[in-house]
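Thanks for asking me to look this one over. Here is my note, written as numbered points to read beside the coordinates.

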Amino acid sequence: MNYKDVIIQFFEDHPELAVASIEKAAGLSNGRLNRIINQHAAVTPLVIERLRPVFKRYGVELERRAKVVSFFNNKNGVGKTTSVLATAICAASMKKEVLMIDLDPQSNLTSVCKVGDHLGHVFSGKPNCYRYVHSGQNSRTKIDMISCLYHEFWDAIDKMEKDVDFYDRLDTVLDKYRDEYDLILIDNMPGRSKVPKMALVASDYVAIPTRAEEKSFERLRSMLPEIQEVVNLKNPKLKVVSIFTTMYEADNKDHRLLYEANCIALPSMTNIKIPQALTSIDEELGDHNFLRTGKKNSVVRAYMELTVELLNNMGLDVEVPNFINKGKA
Ligand SMILES: Nc1ncnc2c1ncn2[C@@H]1O[C@H](COP(=O)(O)OP(=O)(O)OP(=O)(O)O)[C@@H](O)[C@H]1O
Ligand SMILES: [Mg+2]
């Protein structure tokens with residue numbers, strides 16, 4: 001249910017309450033809620049922020065708008081960064097508003113998006129959101145990114161006050177953004193640092209890209225207990241939303257065998273496989289060109305399917321753009 005429907009439902013369930021009294025209790029201007037209910041005025045993040053505590057008094061939770069998804073795998077080079085950007089572009093083409101967070105001091109997402117100037121990393125107090133505009137999409141498309149630069153990032157981590165639990169930091173920062181976007185996608189660094197763990201604490205979902213190769217398979221099996229530990233200790237709502245295969249070559253027998261072995265060992269493995277691209281995927285993504293070839297491009301098609309599946313699994317409505325239905329498979 002969207003926010004407008006929740007507001008309408010609230011007043012239907014509480015006919016004894018005057019709309020004006022709720023506006024007053026929430027510190028909203030006179031007539032604001034009536035305009036939302038009757039005249040299709042927008043439900044802004046500020047309205048939700050003000051209404052949340054008032055509705056809560058009546059036992060109604062206004063959920064935070066954004067679903068936060070960590071793209072996570074402590075194995076390097078499995079397609080985390082590529083998948084964050086490709087998923088953001090596909091979701092934006094389905095009219096979702098997306099914030100990407102580069103939480104990897106290698107700054108690969110920042111580089112692929114060609115963010116040159118220092119805009120402030122996620123812990124810098126008030127980071128700027130870089131607006132990534134994808135060509136061919138309508139002007140309502142919203143993909144923002146918070147960049148990351150190596151030295152500034154580690155400096156910030158080192159300087160963090162000791163009195164606040166390290167693992168809660170990102171969760172607190174993200175609170176500022178949760179009502180402004182439909183999706184917040186986090187690009188995690190590889191390895192067993194405590195930074196990706198902090199991302200898992202702040203996330204609703206984990207998406208795990210993996211490759212059809214022996215080492216990735218082994219790593220995957222050892223990673224799932226790590227995720228479970230975060231669930232048990234810090235974040236019971238965290239769910240694995242998808243385990244998907246990247247850089248897959250259908251005519252490679254080893255890939256096929258390992259993919260099948262993965263599926264048997266991991267029932268949550270999706271059958272969507274992102275094929276090995278023949279051209280440089282970084283260039284297409286970085287040149288804001290990724291969707292240009294539409295459904296004819298097997299990588300685009302697979303990322304579109306993956307995005308639809310992710311959104312569905314998270315309970316979000318999906319509006320697949322026309323061009324992807326029309327293109328030849
Ligand atoms: N489907 C694909 N086809 C071909 N190349 C790909 C594909 N997906 C990713 N790549 C390339 O593989 C490399 C590794 O991908 P990526 O940087 O997304 O992995 P990563 O998991 O983020 O790596 P790291 O752990 O270092 O952050 C990149 O050069 C990227 O362009
Ligand atoms: Mg990466």
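The points below go from the domains to the sheet and then to the ligand.

1. First, a reminder that this is a predicted model. The protein is divided into two parts, with domain 1 covering 3–57 and domain 2 covering 67–326. Between the C-alpha centres of domain 1 and domain 2 there are 34 Å.

2. Now to the sheet, which is open and has eight strands. Reading across, the order is β3-β4-β2-β5-β1-β6-β7-β8, and the pairing is mixed. At the edges sit β3 (130–131) and β8, each of which pairs on one side only.

3. At the β3 edge, two bridges hold β3 and β4 (residues 142–146) together in the antiparallel sense. If you want a place to look, R131 stands opposite D144 in β4.

4. Helix α5 deserves a look here, as it packs on the sheet. The strands touched by α5 are β1 (67–71), β2 (97–103), β4, β5 (183–188), β6 (205–211) and β7. The direction of α5 makes about 165 degrees with that of β5.

5. At the β8 edge, β7 (residues 239–248) and β8 (residues 269–275) run parallel and are joined by three bridges. Here I243 is found opposite M269 in β8. Helix α11 (residues 253–265) carries the chain from β7 to β8, in a β-α-β crossover that is right-handed.

6. Which residues are closest to ligand 1? They are N76, T81, T82, P190 and A277, out of 19 residues that surround ligand 1. By class, the shell holds nine polar, seven nonpolar and three charged residues.

7. Finally, where the shell comes from. At least two residues of the shell around ligand 1 are supplied by each of α5 (80–93), β7 and α12 (281–286). The most come from α5, which gives three residues. So keep α5 in view for both topics: this helix packs on the sheet and contributes to the shell around ligand 1.

Definitions and conventions
Residues are numbered from 1 along each chain as its sequence is written. Chains are lettered from A and ligands numbered from 1 in the order in which they are written. This is a predicted model: local features need pLDDT of at least 70, side-chain atom pairs count only at pLDDT 80 or more; totals for chains, interfaces and linings use all residues. Two strands pair if DSSP finds at least two bridges between them. Helices (H or I, at least four residues) and strands (E, at least two) are DSSP runs, numbered from the N terminus. A crossover is right-handed if, with the strands pointing away from the viewer, the path from the first strand over the helix to the second runs clockwise. A residue is near a molecule or strand if its C-beta atom, placed from the backbone, lies within 6 Å of it. Ala, Val, Leu, Ile, Met, Phe, Trp, Tyr, Cys and Pro count as nonpolar, Asp, Glu, Lys and Arg as charged, and the others, Gly among them, as polar. Two residues are in contact if their C-beta atoms, placed from the backbone, lie within 7 Å. Axes are lines fitted to C-alpha atoms, for helices over the stretch in contact, and angles run from 0 to 180 degrees between N-to-C directions. Domain bounds come from an automatic or database domain assignment.
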